[in-house]
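Biologist: I should like to understand how the descriptive terms applied to this model are justified. May we take them one at a time?

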Amino acid sequence: MSFIYRFLFPANTSGKAVSLFLLALRILFGGLFLYHGLQKWSNFSDLSAAFPDPLGVGSQLSLILAIFGEVICSFAFLGGILFRLAVIPMIVTMSVAFFIVHGNDPFAVKELAFIYLIVFVLMFLMGPGSYSVDRLIARIFGGDRKR
């Protein structure tokens, strides 16, 4: 009975379960986002001429920025390495996709960008959790040995 009570009314929301949940979210959404970036990277020559240029920097540079946000930053997101810095380009990429590139499209078309955007903003606020390289660095160099 106490297990059910603790499950329904958790007193500690920063424990092991939360860190495992954050790790699962990082693996799931980081892996999916990485997949989208790798598709863009593998089709770079085909996409570079026709890729949307919402920022006015050219199609090729827009594609490079999207690939950076989706590939390089996804690896950092997955490992929890410089996590909050890595999430910023991911948030920017999805904001541009949702608000500018697909701004006039029906919600069904831009729904995936919206889901990624919400998850990345929430992950930015929550941080990577205990199972991350950032947490390991904090323990080693920050003297934080309690957690």
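Modeller: Let us begin with a single residue, bearing in mind that this is a predicted model. Y116 has a relative accessible area of 4% and is classed as buried.

Biologist: Why is Y116 called buried?

Modeller: The term applies under 20% relative accessible area. Y116 has 4%, so Y116 is buried. F120, with 0%, is buried by the same criterion.

Biologist: What makes the aromatic pair of Y116 and F120 stacked?

Modeller: Planes under 30 degrees apart count as stacked. The planes of Y116 and F120 are 20° apart, and the rings lie 5.7 Å centre to centre, within the 6.5 Å required of a pair; therefore the pair is stacked.

Biologist: How many residues apart are Y116 and F120 in helix α6?

Modeller: They are four residues apart in helix α6, which comprises residues 107–126, and so they are separated by about one helical turn. Y116 and F120 also belong to one aromatic cluster, together with F29, F33, F77 and F83.

Biologist: How many aromatic pairs does a search of the whole structure find?

Modeller: The search finds ten aromatic pairs. One of them joins F98 and F107, and this pair is edge-to-face.

Biologist: Why is the pair of F98 and F107 called edge-to-face?

Modeller: The angle between the planes is 80°, and an angle over 60 counts as edge-to-face. The centres are 6.4 Å apart, which is within the 6.5 Å limit, so the two rings qualify as a pair.

Biologist: Are F98 and F107 buried or exposed?

Modeller: F98 is buried, with a relative accessible area of 10%. F107 has 43%, which lies between the cut-offs of 20% and 50%, and therefore F107 is partly exposed.

Biologist: What lies over the face of F98?

Modeller: K110 does, at 4.9 Å from the ring centre. A charge sitting over a ring must be within 6 Å of the ring centre, and 4.9 Å satisfies that distance. In another such arrangement, the charged end of R84 sits over the ring of F124, 6.0 Å from its centre.

Biologist: Which residue of helix α6 has its C-alpha atom 8.0 Å from that of F98?

Modeller: That residue is E111, which is 13 residues from F98 along the chain. E111 is found in helix α6. Its relative accessible area is 36%, between 20% and 50%, so E111 is partly exposed.

Biologist: At what angle do helices α5 and α6 pack?

Modeller: Helix α5, residues 83–101, packs against α6 at an angle of about 160°, with the axes 9 Å apart. An angle over 145 counts as roughly antiparallel, so α5 is roughly antiparallel to α6. Their crossing is left-handed. The contact includes F83, R84 and F98 of α5, and F107, K110, Y116, F120 and F124 of α6.

Biologist: Why is α2 called oblique to α6?

Modeller: Helix α2, residues 16–42, packs against α6 at an angle of about 140°, with the axes 11 Å apart. That angle is not over 145, nor does it fall within 65 to 115 or under 35, and therefore α2 is oblique to α6. The crossing of α2 and α6 is also left-handed. Among the residues making the contact are F29 and F33 of α2, and Y116 and F120 of α6.

Biologist: What makes L82 a residue to note?

Modeller: Phi of L82 is near 45°, a positive value in a residue other than glycine. L82 lies in the loop between α4 and α5. Its relative accessible area is 55%, and exposed means over 50%, so L82 is exposed.

Biologist: How do you know that S62 is buried?

Modeller: S62 has a relative accessible area of 7%, which is under 20%, and therefore it is buried. S62 lies in helix α4. Leaving aside neighbours within four places in sequence, S62 is in contact with F51, P52, D53, P54 and V57.

Biologist: Finally, how many helices and strands does the chain have?

Modeller: The chain has seven helices and zero strands. Of its 147 residues, 32% count as buried. Among contacts with a separation of 6 or more, 64% are between residues 24 or more positions apart.

Definitions and conventions:
Residues numbered from 1 in each chain as written. Predicted model: local features only at pLDDT ≥ 70, side-chain atom pairs only at ≥ 80, totals over all residues. Heavy atoms only, no water. Phe/Tyr/Trp six-rings, centres within 6.5 Å; stacked < 30°, edge-to-face > 60°. Buried < 20%, exposed > 50% of the residue type's maximum accessible area, 1.4 Å probe, protein only. Helix = DSSP H or I, 4+ residues; strand = E, 2+ residues; numbered from the N terminus. Lys NZ or Arg CZ within 6 Å of the ring centre and 35° of its normal. Axes fitted to C-alpha atoms, helices over the stretch in contact; angles between N-to-C directions. Left-handed = near helix turned anticlockwise from the far one by under 90°. Contact = heavy atoms within 4.5 Å.
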